[in-house]
Amino acid sequence: MSSITDVVKEGLKYPFNDGKKVLTLGMILLVSSLVSIFMDYMVFDNMRVLADVAPVETVQAAISALPPSSVALVVLSWIVAFILALFCAGYIYDVIKYSIEKRSDLPGFSDIKGIFVKGIKTVIVQIAYMILPLILFFLGLILAVNEAVSSSVNTIGGIIVVIAMIFLIFAALVEIMAICNMVAKDDLKAAFDFKGILAQIKSIGWGRFIGIIIFSGVVIAIISVFFELIFGAIATGLSILLGSALVMILTKTILDSLLVNPYISIVLSRVYGSIYREANSIE
């Protein structure tokens, strides 16, 4: 059984086995990020323009005030962003599969249809595991901060929020193994085999399972902060040099999307696959 540090170290090294594929994923993430920036610009610039005439307090109001052609562009941008998100989720599916199979190479991008289908399955599982605890959380939050009800109801709302947060953490942990189980068996129903999934976590040990997740998260956080400082300094410098705040936003987005985000996604997926392989004693 590998040590926790060995599992994470192997995950950290894995993306360097094929930098071109990491950059390809980065390009997809970059397009998605630029689309999001475009949507934000369209909506919030419209809010700024409308504010000169009358106050605009909501994004919905800004969108409804856009001309039909601009609304169409915003909707199209949302669709493009969603499609790209599905594709990235499908690629991560393949990274987990390669990790479970202990392959040292990175997945390719040739099977576009297959990647999309895998992405849809992954998103379905993510939504299924998160929807109930999130509903419970927001319900509790509404009760907790509602000044129109009694203090006892506020207290009950606070308790519901705490319970929902515990439920959310538990669901997020189980979801990791659920997705891996789906990937290993190539079956969406396997993601909801709760008895089998909990047995797999038990076989590796809840302490070790959570320990690997936490340790990998801490390492990733340190790496993220390190590059945040470097890329932030580069983006700020270019912004000052060129006298444009937009340059700073675009520079930071390009660097993060191309280099940091794909690397982190692949590393974590590799670690998750390794956990599943160990839980099932797959050589």
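## Overall fold

Helices here are DSSP runs of H or I, at least four residues long, and they are numbered from the N terminus. Keep that numbering in mind, since the names H2, H4 and so on rest on it. The model is predicted.

The protein has 9 helices and 0 strands. Read from the N terminus, its elements run α-α-α-α-α-α-α-α-α. The protein has 283 residues, and buried residues make up 41% of them. Now take the contacts with a separation of 6 or more. Of these, 75% join residues 24 or more positions apart.

## Confidence

How confident is the predictor? The average pLDDT of the protein is 87, and 87% of the residues score at least 70. One stretch to treat with care is residues 49-57, where the pLDDT is below 50. Leaving out near neighbours in sequence, this stretch has 8 contacts in the model.

## Helix H6 and the loop after it

Helix H6 covers residues 151-185, which is 35 residues. From its first C-alpha to its last, H6 reaches 50 Å. At 1.5 Å a residue, 51 Å is expected, so the two values are close, given that the expected span is 1.5 Å times one less than the number of residues.

Asp186 comes just after H6. It sits in the loop between H6 and helix H7 (194-204). Asp186 is not a glycine, yet its phi is positive, at about 50°.

## Another positive phi

Most residues other than glycine have a negative phi. What about Lys102? Its phi is near 60°, a positive value in a residue other than glycine. Lys102 lies in the loop between H4 and H5. Is Lys102 buried or exposed? Lys102 is exposed, because its relative accessible area is 52% and the exposed class begins over 50%.

## The largest pocket

Rolling a probe the size of a water molecule over the atoms shows where empty space is left. The largest pocket holds about 330 Å³ of space. How many residues line the largest pocket? The lining has 17 residues. Nearest the centre of the pocket lie Ile92, Gln126, Ile179, Ser269 and Tyr272.

Which helices supply the lining? Helix H2 (19-51), helix H4 (68-100), helix H5 (112-145), H6 and H9 each give at least two residues. The largest share comes from H4, with 5 residues.

## Cysteines

A disulfide is a covalent bond between the sulfur atoms of two cysteines. How many disulfides does the structure hold? The count is 0. Two of the cysteines can be placed by their accessibility. Cys88 counts as buried, because its relative accessibility is 10%. Cys180 is buried too, at 1%. The cut-off for buried is under 20%.

## Residues in H5 and H8

Ala128 lies in helix H5. Its relative accessible area is 37%, so Ala128 is partly exposed. Ala191 is 63 residues away along the chain, but the C-alpha atoms of Ala128 and Ala191 are separated by 9.9 Å.

Helix H8 spans residues 206-242, and Ser224 has its place there. Ser224 is partly exposed, because its relative accessible area is 25%. Between the C-alpha atoms of Ser224 and Ile264 the separation is 8.5 Å, with their positions 40 residues apart along the chain. Phe231 is also found in helix H8. Its relative accessible area is 6%, so Phe231 is buried. What does Phe231 touch? Setting aside residues up to four places away in sequence, Phe231 touches Lys252, Leu255, Asp256, Leu259 and Val260. The C-alpha atoms of Phe231 and Ile254 are 9.7 Å apart, and these residues are 23 places apart along the chain.

## A serine in H9

Ser274 belongs to helix H9, which covers residues 245-279. Is Ser274 buried or exposed? Ser274 counts as buried, because its relative accessibility is 6%. Which residues does Ser274 touch? Not counting residues up to four places away in sequence, Ser274 touches Val7, Glu10 and Ser99.

Definitions and conventions. Residues are numbered from 1 along each chain as its sequence is written. This is a predicted model: local features need pLDDT of at least 70, side-chain atom pairs count only at pLDDT 80 or more; totals for chains, interfaces and linings use all residues. Side-chain values use heavy atoms; hydrogens and water are left out. Buried means under 20% relative accessible area, exposed over 50%, partly exposed in between (1.4 Å probe, protein chains only). Contact means heavy atoms within 4.5 Å. A disulfide is a pair of cysteine sulfur atoms within 2.5 Å. pLDDT is the predictor's confidence in each residue, from 0 to 100. On a 1 Å grid over the protein atoms alone, a cavity is a set of points where a 1.4 Å probe fits but cannot get out, and a pocket is an open set with protein on both sides within 12 Å along at least five of seven lines; lining residues have an atom within 4 Å of a point. Grid points are joined across faces, edges and corners, and a volume is the space filled by probe spheres set on the points.
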